[in-house]
Amino acid sequence: MAAAHALAQKTGGSIYGETENGGTNTLYVSPVPFATLDAAVAKGPGKPGLGQVADVMGSEANLAKSVLLAPVVGLAAGALRLVGKLGRKGEDDHVE
């Protein structure tokens, strides 16, 4: 983080990712302010901008729900895969 701040100060750049969207794992330094970049990019489905978004995992309730649901979803996915494999095996056995 200190390196990003030093680079931004040296180049007169802006930092993105420190606080935006709850903080990101990567910091970006740009000579162009990110608000200007955000205004210039096309937005829509599959084309996110650089603006703030809601931090849905910031809520303890949402985080707790996702942690509790993850094993259930994993078991359901495994069961569906197993059922699919068993169904295909039955089709393979019925060759004339």
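## Overall layout

How many helices and strands are there in the protein chain? The model, which is a predicted one, contains 3 helices and 2 strands in its protein chain, and when these elements are read along the sequence they follow the pattern α-β-β-α-α. Among the elements that appear in this report are strand β1, which covers residues 14–16, strand β2, which covers residues 28–30, helix α2, which covers residues 34–40, and helix α3, which covers residues 60–93.

Of the 96 residues that make up the protein chain, 10% count as buried. If one considers the contacts between residues at least 6 apart in sequence, 19% of them join residues at least 24 apart.

## An aromatic pair

The structure holds 1 aromatic pair. Its two members are Y16 and F34, whose rings lie 5.1 Å apart from centre to centre, with 40 degrees between their planes, and the pair is therefore described as tilted, since that word is used for angles that are neither under 30 degrees nor over 60. The pair links distant parts of the chain, with Y16 placed in strand β1 and F34 placed in helix α2, 18 residues apart.

Are the two aromatic residues buried or exposed? Y16 counts as buried because its relative accessibility is 8%, and F34 likewise counts as buried because its relative accessibility is 13%; the cut-off behind both statements is that a buried residue has under 20% relative accessible area.

## Ser30 in strand β2

Residue S30 is found in strand β2, and with a relative accessible area of 10% it is buried. A polar atom of the S30 side chain lies 2.9 Å from the backbone oxygen of V32. When residues up to four places away in sequence are not counted, S30 touches G13, S14 and L37.

## A salt bridge at helix α2

Side chains of opposite charge can pair when their charged atoms come close. In this model the count comes to 1 salt bridge, which K43 forms with D38, and the closest N and O atoms of these two residues are 3.7 Å apart.

Which residue of the bridge is buried, and which is partly exposed? D38 has a relative accessibility of 16% and so counts as buried, whereas K43, at 46%, counts as partly exposed. D38 is found in helix α2, and, leaving aside its neighbours within four places in sequence, D38 is in contact with K43, G49, L50 and G51.

## The surface

The protein chain exposes about 7,600 Å², and carbon and sulfur atoms supply 64% of this area. Which residues make a nonpolar patch on the surface? The residues L69, V72 and V73 make a nonpolar surface patch of about 280 Å², and one of them, L69, lies in helix α3.

Conventions:
Residues numbered from 1 in each chain as written. Predicted model: local features only at pLDDT ≥ 70, side-chain atom pairs only at ≥ 80, totals over all residues. Heavy atoms only, no water. Phe/Tyr/Trp six-rings, centres within 6.5 Å; stacked < 30°, edge-to-face > 60°. Helix = DSSP H or I, 4+ residues; strand = E, 2+ residues; numbered from the N terminus. Buried < 20%, exposed > 50% of the residue type's maximum accessible area, 1.4 Å probe, protein only. Salt bridge = Lys/Arg side-chain N within 4 Å of Asp/Glu carboxyl O. Polar contact = N/O pair within 3.5 Å; in protein donor to acceptor, adjacent residues only side chain to side chain. Contact = heavy atoms within 4.5 Å. Areas by Shrake-Rupley, 256 points an atom, 1.4 Å probe, with all protein chains shown as cover. Patch = residues over 30% accessible without salt bridge, like charges linked within 9 Å, V, L, I, M, F, W, Y side chains within 5 Å.
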